[in-house]
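Me: Please take a close look at one part of this structure: the sheet and the helices packed around the fold. Keep it brisk.

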Amino acid sequence: MFNETYKLSSYTEIPILGLGTWLLDDAQAAQAVRDAVSIGYRHIDTAQAYMNETGVGEGIRSCGVAREELFITTKVAAEAKTYDAVTQSIDESLAKMGLDYIDLLIIHSPQPWKEFREENRYFEENKEVWKAMEDAYKTGKVKAIGLSNFLQDDIENILASCEIKPMVNQILAHVSNTPLELIEFCQKNGILVEAYSPIAHGAVLDNAEIKVIADKYGVSVAQLCLRYDIQLGLVVIPKTANPDHMRINAELDFVISDVDMETLKNIEHIQNYGEHSFFPVFGGKLK
């Protein structure tokens with residue numbers, strides 16, 4: 001089981017490998033948490049938008065491992081853009097999960113999903129959101145605070161006025177879609193980058209060029225993709241409800257050569273995320 005950690009600027013330790021729970025309902029999420037923890041996972045990622053915080057909380061309480069041994073992330077809804085809305089949403093997340101504190105709280109998106117990457121950047125609103133996050137951090141409701149889907153100027157907007165620097169930026173980053181400039185900017189500013197959909201939501205599993213390299217190391221495409229992100233200095237949170245996939249995803253005891261890393265960085269950019277292409281993070285637009 002791959003169980004290395006990074007230390008955030010808050011001195012909180014974050015496991016480099018976590019379990020994503022996007023698109024799992026409460027019952028599936030509860031079982032996935034139990035299965036993952038039994039395998040050795042200690043980092044679980046959810047969000048208000050996933051509508052499964054209650055299930056994740058149930059999984060935490062019934063997994064047989066002490067709360068303080070687990071690292072739990074949730075995300076403030078992208079639509080919550082006032083101080084009061086964020087403060088209320090944090091309390092709701094704590095209540096739904098039945099937790100006294102959240103290990104990492106992040107803003108799910110700089111813009112509401114229906115306006116994702118559009119003209120209105122919500123710079124002033126995000127400063128207000130961040131103030132609510134800072135206050136939750138100071139009171140101990142959350143142990144670390146960060147961002148998700150923030151571009152460089154979105155981050156600079158927060159850095160310009162924040163009291164506490166963002167500790168994390170969770171972004172889409174995988175073989176065939178790696179925003180290297182954004183990753184470098186975050187790392188230079190002491191912001192840990194987390195990769196969601198590190199296996200491209202399954203869309204790269206049949207990529208022949210990636211498969212050739214995976215075969216060379218005797219690993220699956222999924223394992224290669226996870227190791228690639230880890231060697232870029234990223235935290236990875238592959239989503240699965242399948243215990244067999246959880247086990248395979250945690251077997252990462254190999255090293256990709258510098259030459260192969262360069263090849264993987266330059267794999268042709270993914271054009272289509274299949275049935276999930278309609279999600280804003282994959283280039284789609286919500287109506």
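Reply: Start with the sheet. Its 8 strands form an open sheet, in the order 3-4-5-6-7-8-9-10, with parallel pairing. Strand 3 (19-20) and strand 10 (235-236) are the edge strands, and each pairs on one side only. Bear in mind that this is a predicted model.

Now one strand pair in detail. Strand 4 covers residues 43-45 and strand 5 covers residues 71-76. They pair in the parallel sense, over 3 bridges. Within this pair, His43 stands opposite Phe71 of strand 5. A helix also packs on the sheet: helix 6 (residues 180-188) touches strand 8 (168-172) and strand 9 (192-196). The direction of helix 6 makes about 170° with that of strand 8.

The setting comes from a record. An unreviewed UniProt entry places the feature "domain: NADP-dependent oxidoreductase" at residues 17-267. Over residues 17-267 the chain is 43% helix and 12% strand. The end C-alpha atoms of that stretch are 23 Å apart.

Next, the helix pairs. Two packed helices are described by the angle between their axes and the distance between the axes. Three pairs follow.

Take helix 1 (residues 26-39) and helix 2 (residues 53-62). Their axes come within 7 Å and cross at roughly 30°. Angles under 35 degrees count as roughly parallel, so helix 1 and helix 2 are roughly parallel to each other. Their crossing is right-handed. On the helix 1 side, the contact is made by Asp26, Ala29, Ala30, Val33 and Arg34. Helix 2 brings Glu53, Thr54, Gly55, Val56, Glu58, Gly59, Ile60 and Ser62. By class, the residues of this contact divide into 5 nonpolar, 4 polar and 4 charged.

Helix 4 (residues 123-138) and helix 5 (residues 152-159) make another pair. Here the axes come within 9 Å and cross at roughly 55°. Helix 4 and helix 5 are therefore oblique to each other. The crossing of helix 4 and helix 5 is right-handed. Phe123, Asn126, Lys127 and Trp130 make the contact from helix 4. From helix 5 come Asp153, Asp154, Asn157 and Ile158. The contact residues of helix 4 and helix 5 split into 3 nonpolar, 2 polar and 3 charged.

The remaining pair is helix 7 (residues 208-217) with helix 10 (residues 258-265). They pack at an angle of about 160°, with their axes 11 Å apart. Angles over 145 degrees count as roughly antiparallel, and helix 7 and helix 10 are therefore roughly antiparallel to each other. The crossing of helix 7 and helix 10 is left-handed. In helix 7, the residues at the contact are Glu209, Ile213, Lys216 and Tyr217. They meet Asp260, Thr263 and Leu264 in helix 10. That contact has 3 nonpolar, 1 polar and 3 charged residues.

To recap the handedness: helix 1 with helix 2 is right-handed, helix 4 with helix 5 is right-handed, and helix 7 with helix 10 is left-handed.

How values were computed:
Residues are numbered from 1 along each chain as its sequence is written. This is a predicted model: local features need pLDDT of at least 70, side-chain atom pairs count only at pLDDT 80 or more; totals for chains, interfaces and linings use all residues. Side-chain values use heavy atoms; hydrogens and water are left out. Axes are lines fitted to C-alpha atoms, for helices over the stretch in contact, and angles run from 0 to 180 degrees between N-to-C directions. Helices (H or I, at least four residues) and strands (E, at least two) are DSSP runs, numbered from the N terminus. Angles under 35 degrees count as roughly parallel, over 145 as roughly antiparallel, 65 to 115 as roughly perpendicular and the rest as oblique. A crossing is left-handed if the near helix is turned anticlockwise from the far one by less than a right angle, and right-handed if clockwise. Contact means heavy atoms within 4.5 Å. Ala, Val, Leu, Ile, Met, Phe, Trp, Tyr, Cys and Pro count as nonpolar, Asp, Glu, Lys and Arg as charged, and the others, Gly among them, as polar. UniProt positions are given in the numbering used here, feature names are shortened, and annotations may be inferred rather than shown by experiment. Two strands pair if DSSP finds at least two bridges between them.
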